[in-house]
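Let's take a walk through this one, starting with the greasy parts and the rings. Have the viewer open and follow along.

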Amino acid sequence: MKREDCARNAVTWVLAACLVLYSSTAFAEARAWLPFFVDEQDVRILLDRLNADPDVAFIIPNGPLESDEDRARAIRKLLEKSGRTDATSVVVAGRHTDHRQRWRAVKTVDALADGDHALWYRPAGPLPLLKADGASDQPIADPFAGWTEEVPSSQAFRPFFGGSPADIRLALSTRHRPYSPEERKTVRERISYWMGDHDYLVASDFQHRAVSDAWLVRLEHWMSTVAVRLGGPQREDTWWAFPSALRKLKTGMRYYANGFNLDRSIREAQVPVRR
């Protein structure tokens with residue numbers, strides 16, 4: 001093991017131990033998945049935290065995303081090859097198109113839109129440039145200078161890195177209002193939560209596959225200072241609610257938390273006062 005790796009592991013264990021002593025929530029075991037509720041008012045708190053973090057950078061498109069025409073053409077090809085008639089099932093199964101997206105890393109962004117985002121966890125090393133043959137992957141020399149993907153993601157708006165520990169995934173959902181009549185006609189990919197007549201708040205989450213994830217440990221500790229813990233006594237039952245989102249939940253707004261019932265902890269939670 002390299003000296004740098006030993007030092008990093010030592011720091012991780014010390015940090016985890018300190019956090020256990022500091023908080024009633026156990027932070028010792030790294031989480032691969034960190035779920036939370038946030039709305040359009042809260043998201044600025046999260047964005048400021050990520051923009052100030054020296055260990056992460058945002059990965060954004062460095063050119064036009066796949067056009068609607070290219071996407072429709074790819075779906076038709078998949079349908080012809082598979083013999084299916086259900087376009088939705090084909091899209092979920094995966095896409096193989098001629099479009100090769102260009103990407104680049106940036107240290108900060110001005111806003112975070114709802115949807116899926118990729119972040120580069122810089123201490124884990126370079127991001128991989130995946131090759132079609134699966135055997136000649138190579139590191140991206142300078143993500144800040146940009147690169148062109150060779151293996152397209154199943155989602156045109158987010159790059160694919162094959163489960164690299166340098167890849168952090170953020171699924172962000174601040175919306176709660178149902179689609180307007182106009183949106184029901186124009187939004188290309190409508191999400192079922194907002195197809196009804198009721199407000200619906202859906203949990204967001206971070207995912208990171210690093211074996212020893214000091215970054216998610218630090219992020220969860222930070223959440224404990226700005227948000228409120230929801231859920232049961234077990235660590236895997238933990239959900240975080242930012243202040244404005246929690247106020248909405250406490251009014252009885254419907255929510256989705258992967259099937260978990262958080263009603264009791266929502267009733268008992270106190271909305272934090274931001275300092």
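What follows goes from the nonpolar cores to the aromatic pairs, and then to one histidine.

Keep in mind that this is a predicted model. A good place to start is the largest nonpolar core, which has 27 residues. Inside it, F36, L112, F206, W215 and M223 have the most contacts. Which elements give two or more residues to this core? They are the strands β1 (33–37), β2 (56–61), β4 (115–121) and β8 (167–172), plus the helices α2 (43–51) and α6 (214–226). Apart from that core lies another one, of 16 residues, with F37, A241, Y255 and L262 among them. As background, nonpolar side chains in soluble globular proteins tend to be buried together.

Now for the rings: there are 14 aromatic pairs in the structure. Take F206 and W215, whose ring centres are 5.6 Å apart; their planes meet at 75°, over the 60 degrees needed, so the pair counts as edge-to-face. F206 is buried at 0% relative accessible area, and W215 is buried at 0% too. Elsewhere, ring pairs join W33, F37, W239, Y255 and F260 into a cluster; F37 and Y255 also belong to the core of 16 residues. There's a charge over a ring as well: R122 sits over the face of W120, 5.5 Å from the ring centre.

Finally, look at H117 in strand β4. Is H117 buried or exposed? With a relative accessible area of 18%, under the 20% cut-off, H117 counts as buried. A polar atom of its side chain lies 2.6 Å from the backbone oxygen of A113. Beyond its neighbours within four places in sequence, H117 touches L112, R158, I168, R169, L170 and L172.

Notes. Residues numbered from 1 in each chain as written. Predicted model: local features only at pLDDT ≥ 70, side-chain atom pairs only at ≥ 80, totals over all residues. Heavy atoms only, no water. Phe/Tyr/Trp six-rings, centres within 6.5 Å; stacked < 30°, edge-to-face > 60°. Buried < 20%, exposed > 50% of the residue type's maximum accessible area, 1.4 Å probe, protein only. Lys NZ or Arg CZ within 6 Å of the ring centre and 35° of its normal. Core = buried A, V, L, I, M, F, W, Y, C linked by side-chain atoms within 4.5 Å. Helix = DSSP H or I, 4+ residues; strand = E, 2+ residues; numbered from the N terminus. Polar contact = N/O pair within 3.5 Å; in protein donor to acceptor, adjacent residues only side chain to side chain. Contact = heavy atoms within 4.5 Å.
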